[in-house]
Amino acid sequence: MATAREIRSRMKSVGNIGKITKAMKMVAAARLRRAQERAAASRPYAIKIKEVLSNIVSDPSVLSGLNVKQHPLLQKREVKKVGYLVIASDKGLAGAYSSNALKKAVAEIAECEDEVVVITSGRRAKDFFTSRGYKVLSYHMGFSDRPTYNDAATIAQDAAKKFADENFDELRIVYTVFKSALSQTPTVDFILPVEPPADAVGKAGGSFIFEPGQDEALSVLAPKYLETVIYSALVQSAASELGSRMTAMSSATDNAGKLGAKLLLGYNKARQAGITRELTEICGGVEALKQAQE
């Protein structure tokens, strides 16, 4: 059985860990609210810009007049390589957030019949895929829980260049959709090349007038679409990471409290046993002295 001194030392360690996890929980909770607001604000814009661009490319007359070299993001070619942009966290202590996203990515890659290449966002994703022998074209780190639009633009420019250079023929993004602090869902979206909606295939759009012209408009709209979709995925993932971290740290704090209570009970028992032993030894010594005097 551990001594009272050893139990007291462990109680101190558990108490310190509990303070750290409680502080991390409070920080994550404070930042989660802002992350939720960014995620909610970005999603409608991302959906609408994708809808607009998809409906534009559904018009054959628009695509027939475009210069493919000037609009590489709209180029559809035979699929030989598929690229996956996988978003995970830079740091740990966020429950199963990263592992769930990575499991989703691995499951999707396993079902893909074409050659696969990977672009990662987050240190966890980079370490996971490089250590397992996947072909990682590039990686981005340092902003998983607080992404900015500039971060999304950097990733989008990297992905667009690699798509234009034919490093892959399709791009899919794996990220985590935030629903609540207790619920996050890993998902996969198809983002490149831009394709018309399924119900609009073969139909002429005819409802868009370009000013000053379709080349100028699409040269701005297509890259902006990619940046917006990636930014929306980043902020959704950031909110999911913070929500998962808050939940994990809350559980860790509760467990530290329970363990501390058990250790306190054990400490009291050990101290009581020590006091009883000392009293027994004192009584035995007194009795021995009495017998020696007689």
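Which residues line the largest cavity?

## The cavity

They are I87, A88, Y97, S121, F143, S144, L234 and S237. Keep in mind that we're looking at a predicted model here. The largest cavity has a volume of about 30 Å³, and the count of cavities of 30 Å³ or more comes to one. Rolling a probe the size of a water molecule over the atoms is what shows where empty space is left.

As for the chemistry of the walls, the lining of the largest cavity breaks down into five nonpolar and three polar residues, with no charged ones. If you're picking it out in a viewer, I87, Y97 and F143 are among the lining residues to select.

## Strand β4 and its partners

Now for the strands. β4 covers residues 170-180, and eight of its 11 residues are buried, so the strand is largely enclosed by the rest of the structure. Buried here means under 20% relative accessible area.

What does β4 pair with? One partner is β1 (residues 81-87), which runs parallel to β4 and shares five bridges with it. Within that pairing, V82 sits opposite E170 of β4. Another partner is β5 (residues 183-192), this time antiparallel, with nine bridges between the two strands. As an example of the register, V174 has V188 in β5 as its bridge partner. The link from β4 to β5 is a hairpin of two residues.

## A cis peptide bond after β5

Next, the backbone oddities. Most residues other than glycine have a negative phi, and most peptide bonds are trans.

The bond from L192 to P193 goes the other way: this peptide bond is cis, with omega near -10°. P193 itself belongs to the loop between β5 and α6 (214-293).

## Two positive phi values

L93 has a phi near 60°, which is positive even though the residue isn't glycine. You'll find L93 in the loop between β1 and α3 (97-111). Is L93 buried or exposed? With a relative accessible area of 52%, L93 is exposed, because the cut-off for that class is over 50%.

E166 is another non-glycine residue with a positive phi, near 65°. E166 is placed in the loop between α5 (149-164) and β4. Its relative accessible area is 49%, so E166 counts as partly exposed.

Notes:
Residues numbered from 1 in each chain as written. Predicted model: local features only at pLDDT ≥ 70, side-chain atom pairs only at ≥ 80, totals over all residues. Heavy atoms only, no water. Buried < 20%, exposed > 50% of the residue type's maximum accessible area, 1.4 Å probe, protein only. Helix = DSSP H or I, 4+ residues; strand = E, 2+ residues; numbered from the N terminus. Pairing = 2+ DSSP bridges. 1 Å grid on protein atoms, 1.4 Å probe; cavity = no way out; pocket = protein on both sides within 12 Å on 5 of 7 lines; lining within 4 Å. Points joined across faces, edges and corners; volume = space filled by probe spheres on them. Nonpolar A, V, L, I, M, F, W, Y, C, P; charged D, E, K, R; others polar.
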